[in-house]
Amino acid sequence: MNALDYLVLSVALYGANIVVQGVFANLKYDPKTLLGNRDDFAPEGVGLMRAKRAQANFTEAMVLFAPLVLVASATDKLGGLTDLGAAVFFWSRLAYLVSYVAGLGPVRSLVWFGGAAGTGMILWALSPFAA
């Protein structure tokens, strides 16, 4: 697979993160509350809060990752380091979501670094310093 394939998979994973939030919301609140204006929500459960924080972090990561993959595609620099970086990013983000929702703090931090490293690999491949 190339970096564009991993970008598509990352978008799908982003959507799956939204579904995870929906599942936790439906476990916490009754349908009438969820269909309402949500002005008087009771405090959210731990799972829902974790899923929301994971989603916010994924948004930040995608803002860096997606444009780099698109630039790599537009400049014919897919392959090698860009594909590897995209793979590292995707699998790290999957592990990040699972570890965050499961409450595995140290693992979550390590796989976050993996995702950042994957993005950094693509950035390096696109930089004027890359061979």
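Which residues have the most contacts inside the largest nonpolar core? They are Leu7, Met62, Phe65, Val69, Ala86, Phe89 and Ile122, and the core has 23 residues. Keep in mind as you explore that this is a predicted model. The points below start with that core, then turn to a pair of helices and to one residue in a short stretch of helix.

**The nonpolar core**
- Helix 1 (3-28), helix 3 (46-74), helix 4 and helix 5 each supply at least two residues of the largest nonpolar core.
- Helix 3 gives the largest share of this core, with 9 residues.
- Val69 is a good residue to look up: leaving aside neighbours within four places in sequence, Val69 is in contact with Ala3, Leu4, Leu7, Leu78 and Ile122.

**Helix 4 beside helix 5**
- Helix 4 covers residues 80-102 and helix 5 covers residues 105-126; their axes come within 7 Å and cross at roughly 160 degrees.
- Angles over 145 degrees count as roughly antiparallel, and helix 4 and helix 5 are therefore roughly antiparallel to each other.
- The crossing of helix 4 past helix 5 is left-handed.
- Where helix 4 and helix 5 are in contact, the residues divide into 15 nonpolar, 8 polar and 2 charged.

**A look at Thr33**
- You can find Thr33 in helix 2, which spans residues 31-35.
- Thr33 counts as partly exposed because its relative accessibility is 25%, and partly exposed lies in between buried, under 20%, and exposed, over 50%.
- Thr33 and Phe113 are 80 residues apart along the chain, and their C-alpha atoms are separated by 37 Å.

Terms used: Residues are numbered from 1 along each chain as its sequence is written. This is a predicted model: local features need pLDDT of at least 70, side-chain atom pairs count only at pLDDT 80 or more; totals for chains, interfaces and linings use all residues. Side-chain values use heavy atoms; hydrogens and water are left out. Axes are lines fitted to C-alpha atoms, for helices over the stretch in contact, and angles run from 0 to 180 degrees between N-to-C directions. Helices (H or I, at least four residues) and strands (E, at least two) are DSSP runs, numbered from the N terminus. Angles under 35 degrees count as roughly parallel, over 145 as roughly antiparallel, 65 to 115 as roughly perpendicular and the rest as oblique. A crossing is left-handed if the near helix is turned anticlockwise from the far one by less than a right angle, and right-handed if clockwise. Ala, Val, Leu, Ile, Met, Phe, Trp, Tyr, Cys and Pro count as nonpolar, Asp, Glu, Lys and Arg as charged, and the others, Gly among them, as polar. A nonpolar core is a set of buried Ala, Val, Leu, Ile, Met, Phe, Trp, Tyr and Cys residues joined through side-chain atoms within 4.5 Å. Buried means under 20% relative accessible area, exposed over 50%, partly exposed in between (1.4 Å probe, protein chains only). Contact means heavy atoms within 4.5 Å.
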